[in-house]
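Let's work through a few exercises together. Have a look at the picture first, then try each task before you read its solution.

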Amino acid sequence: MRDGQVVKGVRFREHRVVGDILELAARYRDQGADELVFYDITASPEGRSVDRDWVSRVARVLDIPFCVAGGIRSVADAERVLQAGAEKISVNSPALADPELIDRLSERFGAQCVVVGIDSQTTDDGYRVYQLTGDPSRACDSRRDTLAWVQEVQQRGAGEIVLNCMASDGTRHGYDIAQLQRVRALCRVPLVASGGAGTIEHFERAFREAQVDATLAASVFHSGAIAIPALKRELRAHGIEVRP
Amino acid sequence: MSLERDPQRVDVAIIDSGGANLASLQYALDRLGARSIVSDQPAVIAAAPRVLLPGVGAAGDAMRRLRGTGLDRLIPQLRVPLLGVCLGMQLLYRHSAEGDTACLGILGARVGRLDASPARPVPHMGWNTLELLGEDPLLRGIGAGDYFYFVHGYAAPVDACTLAATRHGEPLAAVVRRDNFRGVQFHPERSAAAGARILRNFLDL
């Protein structure tokens, strides 16, 4: 999401408009998506919270769960989004700046509402958590190790972790299975794979080889390269249980 | 949906137990053409032809809110169809391990914590099918192939009140009933067509 429209970039850069939010929400609902995640990528870098109006419009048309991410810095910010009809809120940069935010959100709303998004970059020093990734000119290393952060956010009350492997995001070369496996071994809350899906086989490998609880993708769905019904049929054919 | 709406003329009153999923439930009822009202006033709840007890968050907070308004005493006396959703279902039980909370006591069992393991992440979040154990108008048209969306870290055991169960590592109660009191552990308002069917069935009770 940027300025009320849905956009998608490659490796967190060069974002292009892909459509109207309500039309896309309804389309993915009808195709059988199990959950939608809305990232307001301009919210954190611009230092503002997500605008609430579109959340309730989306909540009216969706009969599947959805999560809102972007610029949620306080319990009050989260409350507005949840009261507008979102199931979950996802925090990323604000949690890096103020880790206790996770504790406060989890205490107030329960762990099941609190998703922590982790933008993880592969570096010579291992996996590193990046922050402010919505704006290429401000994105930077948060000086945190991804695996240590995965453990800390669970202790603080995160109910779900979305691991976005930045090196593969938007490339369609596949999820970063090795990194997902490392995180899975440490993760006792639901783990969602994000970044890099290009073929149906990529989804299948994330479930089979990294035992993720869910896979998240954007590019391949926005472009129409993979249709959700076909994806689900294939996954079921390979013995991975998904809702038809 | 205004709070001023005449409670005599609504199809369902939604108890404001401090949870955050009230809007989703209201929108789901809107999509079914039902008139709903959100209230924490005993007089409004007592006058409604059907009552929904939602709730997301902690059992202790929700019970404190119900006690604060006297709804903890009113709810067990209601004779109209009541449906507890997610935490709202758990509140129907005697006790919840979440914050060691005494609940409404309409159902006798105790709600316990789901323990996490590498093979069983907690909270349980995701789409599950139901194992149907009993017949009920609430489950009309629901089959073993229908999926429902669950989000919870605590669960009730499968017992004589259980109309449908599901599994997350171990079996747990998914749909329960005692007399006019029913509960669903999943979120019908976020369970696509199958969830809408449950809400439609509730409105037809």
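**Exercise 1: Where the chains meet**

Task: find how many residues each chain brings to the contact, and describe the side that belongs to chain B.

Solution. Start with the count: 25 residues come from chain B and 25 residues from chain A. Keep in mind that this is a predicted model. Next, look for the elements of chain B behind its side of the contact: α1 (22-31), β8 (124-129), β10 (147-152) and α6 (192-203) each supply at least two residues there. Finally, sort the residues on that side of chain B by kind: 18 are nonpolar, six are polar and one is charged.

**Exercise 2: The sheet of eight strands**

Task: trace the open sheet of eight strands in chain B and name its edge strands.

Solution. Write down the order, which is β2-β1-β3-β4-β14-β13-β12-β9 in chain B, with mixed pairing. Now pick out the strands that pair on one side only: these edge strands are β2 (36-39) and β9 (131-132) of chain B. Then zoom in on one pair. In chain B, β1 (residues 12-15) and β3 (residues 51-53) run parallel and are joined by two bridges. Here B:I14 has B:L52 of β3(B) as its bridge partner.

**Exercise 3: The sheet of four strands**

Task: do the same for the open sheet of four strands in chain B.

Solution. The order reads β6-β5-β7-β11 in chain B, and the pairing is mixed. Its edge strands are β6 (101-102) and β11 (154-155) of chain B. Between β7 (residues 107-113) of chain B and β11(B), two bridges join strands that run antiparallel. To finish, match the residues: B:G112 has B:A155 in β11(B) as its bridge partner.

Methods. Residues numbered from 1 in each chain as written. Chains lettered and ligands numbered in written order. Predicted model: local features only at pLDDT ≥ 70, side-chain atom pairs only at ≥ 80, totals over all residues. Contact = placed C-beta atoms within 7 Å. Nonpolar A, V, L, I, M, F, W, Y, C, P; charged D, E, K, R; others polar. Pairing = 2+ DSSP bridges.
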